[in-house]
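Student: Got a minute to go through this model with me? I'd like to talk about burial, salt bridges and empty space.

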Amino acid sequence: MSAPVVDVAIIGYGPAGATLAHLLGQLNLSVVVLEREADIYPLPRAIHFDGEVMRVFETAGLRDAIETISRPGLKGMHFNNAAGETLLIRAGTSLQGPHGCANNHYFHQPELEALLRDGLRRYPRVQVLTRHEVTSIEDGLEHATLQVTALDTQQPLTVKARYVVGCDGARSLVRKVLGTTLLDLGLHQPWLVFDVRLKTDVPSLPDHTVQHCDPARPMTYCNVTGNRRRWEIMLMPGDDPEQLVQPATLWQLVSHWVTPEQADIERAVIYTFHSVIAQGWRKGRLLLAGDAAHQTPPFLGQGMCAAIRDVANLAWKLDAVLRGHASESLLDTYERERSPHVHAFIDLAVRLGDIIQTTDPEAARQRDAKFKAGQPEMFQFPAPRLGPGLWQGDDAVVGRVFPQPTLRDGHLLDTRLGLRFAVIGDAAVLAGVSEATRALWQAHDVVEVEADSDGLRAWLHEHGVHAVMLRPDRYVMGVARSAAELDTLTDLLPASSTRTQAPVAA
């Protein structure tokens, strides 16, 4: 008997792979997740996600649980010079920011992964196979075929899937099969990442993130969660990497802030911070997401955020194609939209890295004078626009994520939307659309939301429009100033294709 064909095979069970499985599970697609490791990696890795990512977790039904293991970062990130004077501050946000939550959250990755994995038990059509290593992938006309080894028994297994998503990290097998090259954006700098757990209260440690822009030894300090603290320490010429990770050296490096009597070492490892983007995220039925598609230095805390944005962009597109609501060309918009978006974040992270990693004393003095040390400049980076894809219009808000206000019934907007398209507007404009538009809305299960709350009315008024159409990933597909413009905008909804099939039956 031949192996059954699933809708989507996900290779890699980190945060990106697990989140994609959640979104596809919500859409009632059949999914198999393949992971070579037996358990969650137990030590700290990623420590930050933003408000947009929390909305993805909220859509997956996990916000309440994740709030119990994360903390909001309300005081922002401070860039200090060697004298301890603050040069600039990346501003924090309130508990109720534009996404209906704080815009920065700190967490311990093993705790997050445990919640993501536990939550997948809700989806009977999502199967997870740990200790299963994919050894080869062959694309085909009807499906892709994966050869898999069950590592505990060394038994072979064949998996067939209509689409395969490689969430398999920087050394991605899927990327190798695709033959995708990496665009090098220029940054390759080794840093020591040093995590500790405090044994006692250390009042002198800041409760916010600090970039120590000291040319003698650039460092980053992070208050993570609970008693966890992290230092990231730039390697300097002449450093011996083996010596640097020895406890005596580690404690000497952070002796200004903490001592062995106050904390225990949890992890010390040297990473090279890269800035690269894959050129080719899809070929046939194979796609890339997360670190397999891009790597960013951590100066903005956007590495995992970019991965979660990838899968939020991809999940509803896979669903539309698999159900025959869109042609396969919709999947070509995935890289076109996401690659320029993540490129913008990487560029900003590299620019901030240039500030932090200045090691020439004279250049550091000029930098301090430019930023007026002691008179910090506040900044926030605007969310970049998606690259060309399923959106239209010159308005600044189009191709960017929509905020999440509270509705008149007291619920947040996303609770009304699910993973569906939505149109939000004045009652008269919504009522004035054509019958053809209304039929398309019904065919695509578009959610209609009358702008009857202060937040929605204020947004429409601020931007001089009377309606807005959102995609399932909350990005603005377009805006309209009349019912006629809303009719035109509706024509952007993905077109069906007779070449695709319905999702695989349970």
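Tutor: Sure, burial terms to start: buried means under 20% relative accessible area, exposed means over 50%, and partly exposed is in between, with a 1.4 Å probe and protein chains only. By that scale aspartate 395 is partly exposed, because its relative accessibility is 22%. Some ground rules: this is a predicted model, where local features need pLDDT of at least 70 and side-chain atom pairs count only at pLDDT 80 or more, while totals for chains, interfaces and linings use all residues. Residues are numbered from 1 along each chain as its sequence is written, and side-chain values use heavy atoms, with hydrogens and water left out.

Student: OK, what does aspartate 395 form a salt bridge with?

Tutor: With arginine 481, where the closest N and O atoms are 2.6 Å apart. A salt bridge here is a side-chain nitrogen of Lys or Arg within 4 Å of a carboxyl oxygen of Asp or Glu. Aspartate 395 lies in the loop between strand S20 (377–379) and helix H11 (414–417), and arginine 481 in the loop between strand S24 (476–480) and helix H15 (483–490), so the pair ties together parts 86 residues apart in sequence. The elements are DSSP runs numbered from the N terminus: helices are H or I with at least four residues, strands are E with at least two.

Student: And arginine 481, is that buried, exposed or partly exposed?

Tutor: Partly exposed, because its relative accessibility is 36%.

Student: How many salt bridges are there by this rule?

Tutor: The count is 34. One of them joins the side chains of aspartate 310 and arginine 338, at 2.7 Å from N to O. Aspartate 310 sits in helix H8 and arginine 338 in helix H9 (residues 332–356), so this pair links parts 28 residues apart in sequence. Aspartate 310 is buried at 0% relative accessible area, and arginine 338 is buried at 2%.

Student: Which residues are linked in a network of salt bridges?

Tutor: Asp195, Arg230, Glu232 and Arg267 are linked that way.

Student: Back to H8. What does asparagine 313 touch?

Tutor: Setting aside neighbours within four places in sequence, asparagine 313 is in contact with Tyr334, Glu337, Arg338, Arg471 and Asp473. Contact means heavy atoms within 4.5 Å. Asparagine 313 is in helix H8, and counts as buried because its relative accessibility is 2%. Its side chain also makes a polar contact of 2.9 Å with the side chain of glutamate 337. That term covers a pair of N or O atoms within 3.5 Å; within protein, one must be able to donate a hydrogen and the other to accept it, and residues adjacent in sequence count only if both atoms are side-chain atoms.

Student: Which residue does aspartate 473 meet in a salt bridge?

Tutor: Arginine 471, with the side chains 2.8 Å apart, N to O. Aspartate 473 is buried at 10% relative accessible area, and arginine 471 is buried at 1%.

Student: Switching to empty space: how many cavities of 30 Å³ or more are counted?

Tutor: One. It holds about 180 Å³ of space. Among its 16 lining residues, Val56, Ala312, Pro472, Asp473 and Arg474 are closest to the centre. Helix H2 (51–59) and helix H8 (303–322) are the elements that give two or more residues to the lining, and H2 has the largest share with four.

Student: What are the grid rules?

Tutor: On a 1 Å grid over the protein atoms alone, a cavity is a set of points where a 1.4 Å probe fits but cannot get out; a pocket is an open set with protein on both sides within 12 Å along at least five of seven lines; lining residues have an atom within 4 Å of a point. Points are joined across faces, edges and corners, and a volume is the space filled by probe spheres set on the points.

Student: What volume does the second largest pocket have?

Tutor: About 600 Å³. It is lined by 27 residues, and Pro98, His99, Asn103, Phe381 and Ala383 lie nearest its centre.

Student: Last one: what's the phi of arginine 474?

Tutor: Positive, about 75 degrees, although arginine 474 is not a glycine. Arginine 474 is in the loop between strand S23 (467–470) and S24, and is buried at 4% relative accessible area.
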